[in-house]
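This report describes how selected helices pack against one another and which residues form the main nonpolar core. The sequence and the structure are shown first.

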Amino acid sequence: DGCSGGGDETGEEEKKVMVLAATNFPWDIDEALRRRLEKRIHIPLPDADARAALVNINVRGVEVAEDVDVRALATRMDGYSGDDITNVCRDAAMNGMRRKIVGKRPEEIRAMSKEEVAAPITMEDMREALKRISPSVSKEDVERHMEWLAEFGST
């Protein structure tokens with residue numbers, strides 16, 4: 001199986017197995033399993049600096065207008081997960097295209113060049129995306145995680 005055995009006369013070293021698991025619901029882990037998973041690492045929702053970094057990562061390679069204030073966005077996205085931030089940026093990136101194709105027939109849209117459809121992401125695009133995309137993690141879930149963390153810890 002590739003996992004058994006120790007050192008032998010050939011000098012082969014013992015093979016180690018590491019199990020890495022992730023869950024959004026640690027309170028659902030069986031007590032016996034929790035005992036065997038000796039390392040627990042809590043990864044909280046991103047703070048303001050991490051949210052700003054995530055916005056920058058998600059808009060890399062896309063034209064961004066000068067009016068986009070990443071710090072203000074990071075502040076406004078308090079409580080958003082990394083995935084939520086990705087969704088906001090993706091939605092905002094689509095807004096310019098949506099404006100350019102509104103009212104056009106499918107064949108007209110297909111005939112448009114990439115340059116005709118392209119538009120930089122503006123702060124208004126981000127605001128609109130934030131209206132459509134809410135945080136996916138509730139305050140109650142965050143509290144429940146903190147209670148679990150207080151009881152079982154993170155190492």
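## Position of Ile-57

Ile-57 is a residue of helix H2. In this predicted model, the relative accessible area of Ile-57 is 45%. Since a residue counts as buried under 20% and as exposed over 50%, Ile-57 is therefore classed as partly exposed.

Along the chain, Ile-57 is separated from Thr-86 by 29 residues. The C-alpha atoms of Ile-57 and Thr-86 are 8.9 Å apart in space.

## Packing of H2 with H4

The axes of H2 and H4 are 9 Å apart, and the two helices pack at an angle of about 45°. That angle makes H2 oblique to H4. The crossing in which H2 passes H4 is right-handed.

On the H2 side, the contact is formed by Arg-51, Leu-54, Val-55 and Asn-58. These residues meet Gly-82, Ile-85, Thr-86 and Cys-89 of H4. By class, the contact of H2 with H4 comprises four nonpolar residues, three polar residues and one charged residue.

## Packing of H4 with H7

Helix H4 covers residues 82–101, and helix H7 covers residues 123–132. Their axes lie 8 Å apart, with a packing angle of about 120°. Angles over 145 degrees count as roughly antiparallel and those from 65 to 115 as roughly perpendicular; H4 and H7 are therefore oblique to each other. Their crossing is right-handed.

H4 contributes Val-88, Cys-89, Asp-91, Ala-92, Asn-95, Gly-96, Arg-98 and Arg-99 to the contact with H7. The H7 residues that they meet are Asp-125, Met-126, Glu-128, Ala-129, Leu-130 and Arg-132. The contact of H4 with H7 holds six nonpolar, six charged and two polar residues.

## The largest nonpolar core

Which residues have the most contacts inside the largest nonpolar core? They are Val-55, Leu-73, Met-77, Val-88 and Met-126, in a core of 19 residues. Two or more residues of this core come from each of helix H2 (48–58), helix H3 (70–76), H4 and H7.

Met-126 also has contacts with residues farther along the sequence than four places. Beyond that range, Met-126 touches Val-55, Val-59, Leu-73, Val-88, Cys-89, Ala-92 and Ile-121. Val-88, Cys-89 and Ala-92 also appear among the H4 residues that meet H7, while Val-55 is one of the H2 residues that meet H4.

How values were computed:
Residues are numbered from 1 along each chain as its sequence is written. This is a predicted model: local features need pLDDT of at least 70, side-chain atom pairs count only at pLDDT 80 or more; totals for chains, interfaces and linings use all residues. Side-chain values use heavy atoms; hydrogens and water are left out. Axes are lines fitted to C-alpha atoms, for helices over the stretch in contact, and angles run from 0 to 180 degrees between N-to-C directions. Helices (H or I, at least four residues) and strands (E, at least two) are DSSP runs, numbered from the N terminus. Angles under 35 degrees count as roughly parallel, over 145 as roughly antiparallel, 65 to 115 as roughly perpendicular and the rest as oblique. A crossing is left-handed if the near helix is turned anticlockwise from the far one by less than a right angle, and right-handed if clockwise. Contact means heavy atoms within 4.5 Å. Ala, Val, Leu, Ile, Met, Phe, Trp, Tyr, Cys and Pro count as nonpolar, Asp, Glu, Lys and Arg as charged, and the others, Gly among them, as polar. A nonpolar core is a set of buried Ala, Val, Leu, Ile, Met, Phe, Trp, Tyr and Cys residues joined through side-chain atoms within 4.5 Å. Buried means under 20% relative accessible area, exposed over 50%, partly exposed in between (1.4 Å probe, protein chains only).
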